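Student: I am new to this structure and would like a close look at one small part of it. Please start from a single residue and work outward.

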Amino acid sequence: MENNYESIYKISRKNTRKTLGYVLTQEELAELIPVSIDSLRDYEQLRTIPSNLMALRISEVCKDPELILEHWTRYDPIGKHYFPEPYVRGNSLLKNAVSIEMLSEKLVAMKNDLKIAAMDENFENESPDFLIQLKSVCV
């Protein structure tokens, strides 16, 4: 884990000074995403890793699109599978070993894998939203 430096979630909240003109407090961010202050503290101290959806909410509220790529390549099994090297904030795309061409190839591979999984799996118990998203990706 990231014990020697601030977590990506805390960095994102503190970077609201640049994106929003002021730093969101933990209380303000917790109310906006919405989660308990204790949950947000756990995310910021990496006692708990937020879900992809929660990381997306934090990213949107903090106006920090890099957070999603960082979260996804560090903590999500699918992101780690397709991008074994974690995205590092502030590095160039080249240094992060992510080019537009490579990203495109990885996303096509993911889409193909999803198509195969969709044919092999039984999704009877999934939510309608999930099924709509899966169908849109597999088209």
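Where is Gln26 found, and in which helix should I look for this residue?

Tutor: Gln26 is found in helix H3. Helices here are DSSP runs of H or I with at least four residues, strands are runs of E with at least two, and both are numbered from the N terminus. Before going further, note that this is a predicted model, in which local features need pLDDT of at least 70, side-chain atom pairs count only at pLDDT 80 or more, and totals for chains, interfaces and linings use all residues. Residues are numbered from 1 along each chain as its sequence is written, and side-chain values use heavy atoms, with hydrogens and water left out.

The setting comes next. The chain has nine helices and zero strands, so there is no strand for H3 to pair with in the sense of that count. Read along the sequence, the pattern is α-α-α-α-α-α-α-α-α. Of the 139 residues, 27% count as buried, where buried means under 20% relative accessible area, exposed means over 50%, and partly exposed is in between (1.4 Å probe, protein chains only).

Gln26 is buried, with a relative accessible area of 16%. Leaving aside residues up to four places away in sequence, Gln26 touches Arg13, Leu40, Arg41 and Glu44; a contact means heavy atoms within 4.5 Å. Contacts of this kind can also be counted over the whole chain: among those between residues at least 6 apart in sequence, 44% join residues at least 24 apart.

Two of the residues that Gln26 touches, Arg13 and Glu44, also pair with each other. Glu44 forms a salt bridge with Arg13, and the closest N and O atoms are 2.5 Å apart. This pair links distant parts of the chain: Glu44 sits in helix H4 (residues 37-44), Arg13 sits in helix H1 (residues 8-14), and they are 31 residues apart. A salt bridge here is a side-chain nitrogen of Lys or Arg within 4 Å of a carboxyl oxygen of Asp or Glu. Both partners are buried: Glu44 has a relative accessible area of 5%, and Arg13 has one of 8%.

Arg41, also touched by Gln26, takes part in a network of salt bridges with Glu27 and Asp38.

The structure holds five salt bridges. Among them is one between the side chains of Lys14 and Glu6, at 2.7 Å from N to O. Lys14 counts as partly exposed at 37% relative accessibility, and Glu6 also counts as partly exposed, at 33%. Another joins the side chains of Arg47 and Asp42, at 2.9 Å from N to O. Arg47 is exposed at 56% relative accessibility, whereas Asp42 is partly exposed at 23%.

Moving along the chain brings us to Leu46, which is found in the loop between H4 and H5. Leu46 has a positive phi of about 60° although it is not a glycine. Most residues other than glycine have a negative phi. Leu46 is buried, with a relative accessible area of 10%.

Helix H5 then ties back to the region where we started. In H5, Met54, Ala55, Ile58, Ser59 and Cys62 are buried. They cover an arc of only 140° around the axis, which puts them on the same side of H5; the arc is that of the directions from the helix axis to the C-beta atoms. The buried residues of H5 pack against H1, helix H2 (16-19), helix H3 (26-32), H4 and H6. H3, the helix of Gln26, is therefore one of the elements against which those residues pack.

Just after H5, Lys63 takes a positive phi of about 55°, although Lys63 is not a glycine. Lys63 is found in the loop between H5 and H6. Unlike the buried Leu46, Lys63 is exposed, with a relative accessible area of 53%.
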